[in-house]
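Work through the exercises below with the structure at hand. Each task is followed by a solution in steps.

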Amino acid sequence: MLSVLSIASEAFPLIKTGGLADVAGALPLALPRENVEMRVLLPGYPAVTAKLDSAEAVHDYLDLMGGPARVLAGKAAGLDLFVLDAPHLFDRPGNPYLGPDGRDWPDNAFRFAALARVGADVAKGVIPGYAADVAHAHDWQAALAPVYLHYDGAPRPATVLTLHNMGFQGHYYGDLLGPLGLPAEAMSLDGVEYFGGVGYLKGGIRLADKIATVSPTYAREILTPEFGMALDGLLRSRAADLEGIVNGIDDEIWNPETDPTVPHAYSALKPEPRAANKPTLQRKFALAGAAAGPLFGVVSRLTSQKGLDLLLACTPGLVARGGQLALLGSGEPALEDGFRGLASAFPGQVGCVIGYDEALAHMIQAGVDFLVVPSRFEPCGLTQLCALRYGAAPLVARVGGLADTVIDANEAALTAGVATGVQFYPPDIGALDYAITRAFDLYRDPVIMRRLRLNGMRADVSWRHPARAYAALYAKLRTPS
Ligand code: ADP
């Protein structure tokens with residue numbers, strides 16, 4: 001069995017701020033089938049150490065970035081974990097990155113350099129009886145692991161860096177090389193030097209053996225200045241080692257046949273009961289039940305990345321055509337106020353719940369006709385995968401993972417019987433408005449709608465494919481050049 005150490009700053013269900021946690025928590029469970037054993041190294045936040053079963057201290061540091069630390073080995077939530085127990089760095093409740101004032105902890109550079117340093121040590125075999133063939137680092141928080149392994153020299157495990165969110169890069173100024181334990185030569189274009197400072201993500205991209213991101217389209221997009229977040233030039237130089245692997249979802253949690261939050265259970269084999277979930281959802285959002293038009297849904301963070309300002313502008317037209325909107329989300333106050341305003345301007349046609357509500361998210365997916373995801377950029381996107389699984393046709397911007405996972409209901413796809421939703425491009429008001437018009441046209445034909453729903457429900461959106469793709473990537477790397 002190939003042994004992989006995943007180094008991550010969060011993992012569902014222990015601690016989560018975004019999709020990185022979903023991947024870090026789900027991939028290890030899907031890999032054994034592919035003959036890969038994955039252990040996960042996590043920081044010892046209180047939320048993690050509190051849930052660790054039968055933890056055993058397996059390695060000590062007298063001084064790790066300013067204090068003593070230990071590595072604990074144990075299990076939590078079905079995951080085989082190493083936990084970096086370093087109270088001076090991680091014994092802080094709440095968000096893993098932000099202090100009580102909502103700003104980054106001032107020592108984040110050291111907190112996550114420590115995670116990466118320990119990841120490199122553990123992967124190399126500092127713990128008796130354990131060594132990894134591959135060290136798999138996630139995002140900037142772990143991106144120094146391949147850097148440390150590079151400068152430590154051979155023998156070393158192979159390295160992979162997955163990019164989940166390039167919006168955060170870990171870019172720091174100051175005389176950091178000494179405190180980080182990196183050699184002077186690291187301060188170069190071929191190392192961590194980035195605009196005169198130290199770039200953690202930059203260094204990882206430069207020095208990891210392979211780079212993965214969370215969809216093939218996003219892997220191409222980040223080679224352009226528009227999506228590359230100032231790293232596109234470096235990424236172009238590494239394009240031969242860059243791969244896009246679409247995330248999966250947990251198809252047991254997201255199973256409309258067994259989901260306790262879905263009032264009328266259904267499946268691809270028995271899809272008929274789904275129709276009864278729409279009126280329940282309409283009542284939940286105080287929408288008129290007798291409406292004959294399509295019901296559009298949103299489950300999202302309300303941010304400009306998600307393009308919901310475009311939907312805000314298109315909603316009066318959607319309502320004028322006889323459609324309805326049920327929105328669940330929270331985020332930027334202007335968007336929250338905007339959707340609240342629409343709900344009071346169009347009672348019975350627009351409903352919104354501002355907040356985070358896992359159960360309601362499931363009910364929306366089980367009840368709406370179309371799930372709208374008008375993102376300006378979307379590395380992978382999970383809501384459209386949930387929508388496919390639940391028979392809601394995704395209406396999405398053709399960017400990133402949305403482009404890779406939804407098949408547009410154009411003439412060719414309809415004729416071939418493979419369409420699953422509607423795509424539009426570019427992410428602007430005109431294109432979204434036209435896509436909504438197309439959704440109304442599709443909705444008028446129950447045979448087509450049934451086809452779209454069934455195609456989506458039959459698509460494999462589980463972790464099986466991604467796990468196979470990661471296993472193939474690790475296998476290619478087993479012997480680093
Ligand atoms: P991102 O990670 O950029 O926010 P994704 O689509 O990749 O977007 O993942 C978002 C996940 O969070 C999905 O599983 C979605 O269902 C869930 N989610 C987002 N907003 C809410 C909300 N307000 N209530 C419940 N679940 C939400």
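**Exercise 1.** Find which atoms of L382 and T383 lie by an oxygen atom of the ligand, and at what distance.

Solution. Start with L382 in this predicted model: one of its backbone N or O atoms is 2.9 Å from an oxygen atom of the ligand. Next take T383, where a backbone N or O atom is 3.3 Å from a ligand oxygen. For R301, by contrast, a polar side-chain atom is involved, 2.7 Å from an oxygen atom of the ligand. Finally, place these contacts in their setting: the ligand is surrounded by 15 residues, and R301, K306, G355, D357 and L382 are the closest.

**Exercise 2.** Describe how helices α11 and α14 cross, and decide whether α11 is parallel, perpendicular or oblique to α14.

Solution. Locate the helices: α11 covers residues 277-284 and α14 covers residues 358-367. Their axes come within 8 Å and cross at roughly 130 degrees. Because the angle is neither over 145 degrees nor within 65 to 115, α11 is oblique to α14. The crossing of α11 and α14 is left-handed. Now list the contact: N277, K278, T280, L281 and K284 of α11 meet L360, M363, I364, A366 and G367 of α14. Sorted by class, the contact has 5 nonpolar, 3 polar and 2 charged residues.

**Exercise 3.** Find the cis peptide bonds that lead into P155 and P426, and say in which loops these residues sit.

Solution. A154 is joined to P155 by a cis peptide bond with omega about -5 degrees. P155 belongs to the loop between α6 (144-152) and β7 (158-163). From Y425 to P426 the peptide bond is cis, with omega near -5 degrees. P426 sits in the loop between β18 (422-424) and α18 (429-443).

Conventions
Residues are numbered from 1 along each chain as its sequence is written. This is a predicted model: local features need pLDDT of at least 70, side-chain atom pairs count only at pLDDT 80 or more; totals for chains, interfaces and linings use all residues. Side-chain values use heavy atoms; hydrogens and water are left out. Axes are lines fitted to C-alpha atoms, for helices over the stretch in contact, and angles run from 0 to 180 degrees between N-to-C directions. Helices (H or I, at least four residues) and strands (E, at least two) are DSSP runs, numbered from the N terminus. Angles under 35 degrees count as roughly parallel, over 145 as roughly antiparallel, 65 to 115 as roughly perpendicular and the rest as oblique. A crossing is left-handed if the near helix is turned anticlockwise from the far one by less than a right angle, and right-handed if clockwise. Contact means heavy atoms within 4.5 Å. Ala, Val, Leu, Ile, Met, Phe, Trp, Tyr, Cys and Pro count as nonpolar, Asp, Glu, Lys and Arg as charged, and the others, Gly among them, as polar. A residue is near a molecule or strand if one of its heavy atoms lies within 4 Å of it. A polar contact is a pair of N or O atoms within 3.5 Å; within protein, one must be able to donate a hydrogen and the other to accept it, and residues adjacent in sequence count only if both atoms are side-chain atoms.
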